[in-house]
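Please open the model in the viewer and keep a selection panel at hand. The tour proceeds from one selection to the next, with a note on what may be found at each.

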Amino acid sequence: MKLKSLFVSMIFGLNISYAVAQDNLTYQTPPDAIKALIETTPTPRISLDSKGKMMLLMQSSSYPSIAELAEPELRIAGLRLNPRNNGQSRTGYIKGISLREVQTGKEISIKGLPSDALMSNFSWSPDETKIAFCLFEIDKILLYVIDVKTAEAKKLTDLPLNATLVGSPFGWVSDNKHIFFLSVPANRGIAPVAPLAPTGPIIQENLGRKAPSRTYQDLLKNQYDEKLFEYYATSQLNKINIETNEMQKISNEGLIQSFSTSPDGNYILFQKRHKPYSYLLPVNFFPSKIEILDAKTGSIVKEVVDLPLIDNVPTGFDAIRQGQRNHTWRADSPATLFWVEAQDEGNPKKDVPIRDKTYLLNAPFTNTPQEFFGTKLRFSGIMWGDANNAIYSESWWGTRKEISTHINPSNNKQNVLFDRSSEDAYTDPGSPEMIRNQYGRFVMDIKNNKVLMTGAGASAEGNRPFLDEFDFTTKKSVRLWRSEAPYYENIVQILDRNKQIVITRRESVNENANYYIKNIKTKKSNPLTTFPHPYPQMKEVKKELLKYKRADGVELTAILYLPPNYKKENGALPTLMEAYPAEFKSKAAAGQVKGSPYEFTYISWGSPVFWALQGYAVMENASIPIVGEGTKEPNDTYIEQLIAGAKANIDEGVKLGVVDPNRVAVMGHSYGAFMTANLLTHSTLFKAGIARSGAYNRTLTPFGFQAEERTYWQAPETYNKMAPFSYADKIKTPILLIHGEADNNQGTFPIQSERYYNAIKGHGGIARYVVLPYESHGYRAKESILHMLWEMDKWLDKYVKNGSK
């Protein structure tokens, strides 16, 4: 459905039920103070080479116009494609780039770019002397490369790239001279034309096999869709010499899902999708064939596996597909294929001693695969180091258990390094620092059996990022550095391990994040960037990390923002609370402090902080933990814990003297919208609510939602009790429902808000339903965002700031 103007439905229910009112408004704008924050120029992004010599500065584009968002889009097979340029639609672009010498600070303009260039997918060559990227034109995507030494960009080929099935349609070879890329087939002709009439019915059939699946959007619907999908998704793999522009066709045409060269550059790991397709699942579930190709000729060296349609995965977050998965190259070896296979048929309910086994297969791939290691939990990742060092991880969602193990690949000797709860942020040891090896691949930086570790440093004081040196033998860490107040600072890159010279990203409450060269030993820092405060009007807004407890003793936090020049003697304020519930298996983990009191506040389109400039107290990211310890399921007491958390948040603000308990609104997006509707339904804590892009009827998500593993048929009472739709006759507090017309997020299809609004309306509730044309789960167009903020501001002023007590 395409809407040419903003559609708003509204009903007011007072003592009697009024008739439905529909307003066809043009796009509105919020107060100037809010609008100015949206119109701020984004702070540039950066990308550093691994040696810390050169920095690429990238200026991102601001919000696109609604006209740009309304450009042709093909929604098919779970994809959203731009049929004009064969890329994915709704792409965020970089519109300006430059280079900067790290040591001197000299900024260098890039020559050879069109004046209005729109770019993405920047990728350094393995030796970091070149940077490849995609340049987007109206009808095609082109491959460009920058010579870092000369700061010149050049187009490599006129062949249009095909990025429909891949995040990046190109990849470097370790020789630094060649790039593989996917192109649109040269002679594919015109797109299939839709038939004037169907040739028959659409039939799906299941013959007694269990095949549960969550809800997905934008799926194939008929044979014409299948033809369209094949037309746009079909590509071929090519290789180009960036010095001579000599090009070679490597593969035949196909539905190429992924490709990656071996570290030595001699082979290509190649994945293609094929029939039979599914009308219930997106493309990532379609059957696929995995092969190894010769990088010089494109001939098939090894047919690794032909994987069937993934439509019979058992329910549960620890469930996985049967057969092989996670095919990757071993980063520290010339050409060794690594993969994983479930030993429990992917079914977490099966009791087996080993859940997953991993395998290695060395070039030329003619021998029997070598069993590497097995995991008692579900394999969750591996980091390579060298011939004697790797770290693999395994985890189990049901218990939140997480184990990291050191393994010596030369003899398979193993040593458990960390055995902890994934919920326990305070014990997170961080992640190993990586360096480029001789193949240009990132591996762990290991010296004398020790590795540097960086992490968020969660603590009762808030996050304090750190740098540790961890010894694989003793399993002991030595702290080298930790972020200190009043800054929030984290390490971006290690420049010199021995001298302890690093690059950090530092920010504070009133200082935008900037980059520094830091000597950890001397504690001296020199700035690399001087990005200004993007919204100086926010400098006088007061920010504070609150810590308090729920009635049952669970510790909670929230970030409190107060208007400029506010004093407590001015009295308590109308308040906007924003939250997003999270499930936990322990009260201790639920009560851990999140974030840092010293972080700079970046204001995105969905932030509640705008209203600190409108005279409101704002409680952002207020803790709403839903805890189920032991065998208890968190959601079985969802409503009770939801209300207890919200009440504790309000009570803390009242205790501080800044929150007027009679003028509090609650807002949330997605699962936060679901929370909002439930709080308005089951409590009298709030004067109004704002729910954006939520799901309200849990019978429409019957095979699980959010962190709920059980199906509707396993826990019908929980599903019904949690669903605001079930209690639409009870909600009397004004609710503003906002939804993107093209929401394709699992479970939050627009029909959720449409039917919920209709149910509220049918029972005389006070509701307003706003549909944003062309918007998905997250909103992008400037007009949409400004109008959304206008709606929210009007709603809050009417029912909260100026509402009756």
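A residue counts as buried under 20% relative accessible area, as exposed over 50%, and as partly exposed in between. The coordinates belong to a predicted model, and each stop below should be read accordingly.

**First stop: Arg436**

Select Arg436, which is placed in strand β31 (residues 434-436). Is this residue buried, exposed or partly exposed? Its relative accessibility is 21%, and Arg436 is therefore classed as partly exposed.

Next, display the surroundings of Arg436. Beyond its neighbours within four places in sequence, Arg436 is in contact with Ser50, Trp124, Ser125, Pro126, Glu128, Arg441 and Phe442. Two polar contacts deserve a distance label. The side chain of Arg436 is joined to the side chain of Glu128 by a polar contact of 3.0 Å. The Arg436 side chain also reaches the backbone oxygen of Gly440, at 2.7 Å.

To move on, draw a line from the C-alpha atom of Arg436 to that of Ile503: the separation is 17 Å, for residues 67 apart along the chain.

**Second stop: strands β38, β39 and β40**

Select strand β39, residues 511-519, where seven of the nine residues are buried, so that the strand is mostly covered. Add strand β38 (residues 501-508), which runs antiparallel to β39 and is joined to it by seven bridges. Within this pairing, Thr504 has Tyr516 of β39 as its bridge partner. The connection from β38 to β39 is a hairpin through two residues.

Now add strand β40 (residues 524-527), which pairs with β39 in the antiparallel sense over four bridges. Here Lys518 stands opposite Ser525 of β40. β39 and β40 also form a hairpin, with four residues between them. In that turn, select Lys523 and inspect its backbone: phi is positive, at about 65°.

**Third stop: Ser483**

Select Ser483, in the loop between β36 (477-482) and β37 (488-496). Its relative accessible area is 2%, and Ser483 is therefore buried. What does its side chain reach? The partner is the backbone nitrogen of Glu489, at 3.1 Å. Apart from neighbours within four places in sequence, the contacts of Ser483 are Arg464, Pro465, Tyr488 and Glu489.

**Fourth stop: the sheet β26-β27-β28-β29**

Select the four strands of this open sheet, which are ordered β26-β27-β28-β29 and paired antiparallel. Colour β26 (378-386) and β29 (413-421) separately, as these are the edge strands, each pairing on one side only. Viewed along the sheet, the twist from one strand to the next averages 15°.

For a closer view, retain β26 and β27 (residues 389-396), which are paired antiparallel over seven bridges. Phe379 has Glu394 in β27 as its bridge partner.

**Final stop: helices α5 and α6**

Two packed helices are described by the angle between their axes and the distance between the axes. Select α5 (residues 638-656) and α6 (residues 671-682), which pack at an angle of about 85° with their axes 10 Å apart. The two helices, α5 and α6, are therefore roughly perpendicular to each other.

Show the side chains at the contact. From α5, select Tyr638, Ile639, Leu642, Ile643 and Ala646; from α6, select Tyr671, Phe674, Met675, Asn678, Leu679 and His682. Colour these residues by chemical class: nine are nonpolar, two are polar and none is charged.

Definitions and conventions: Residues numbered from 1 in each chain as written. Predicted model: local features only at pLDDT ≥ 70, side-chain atom pairs only at ≥ 80, totals over all residues. Heavy atoms only, no water. Axes fitted to C-alpha atoms, helices over the stretch in contact; angles between N-to-C directions. Parallel < 35°, antiparallel > 145°, perpendicular 65-115°, else oblique. Contact = heavy atoms within 4.5 Å. Nonpolar A, V, L, I, M, F, W, Y, C, P; charged D, E, K, R; others polar. Buried < 20%, exposed > 50% of the residue type's maximum accessible area, 1.4 Å probe, protein only. Pairing = 2+ DSSP bridges. Polar contact = N/O pair within 3.5 Å; in protein donor to acceptor, adjacent residues only side chain to side chain.
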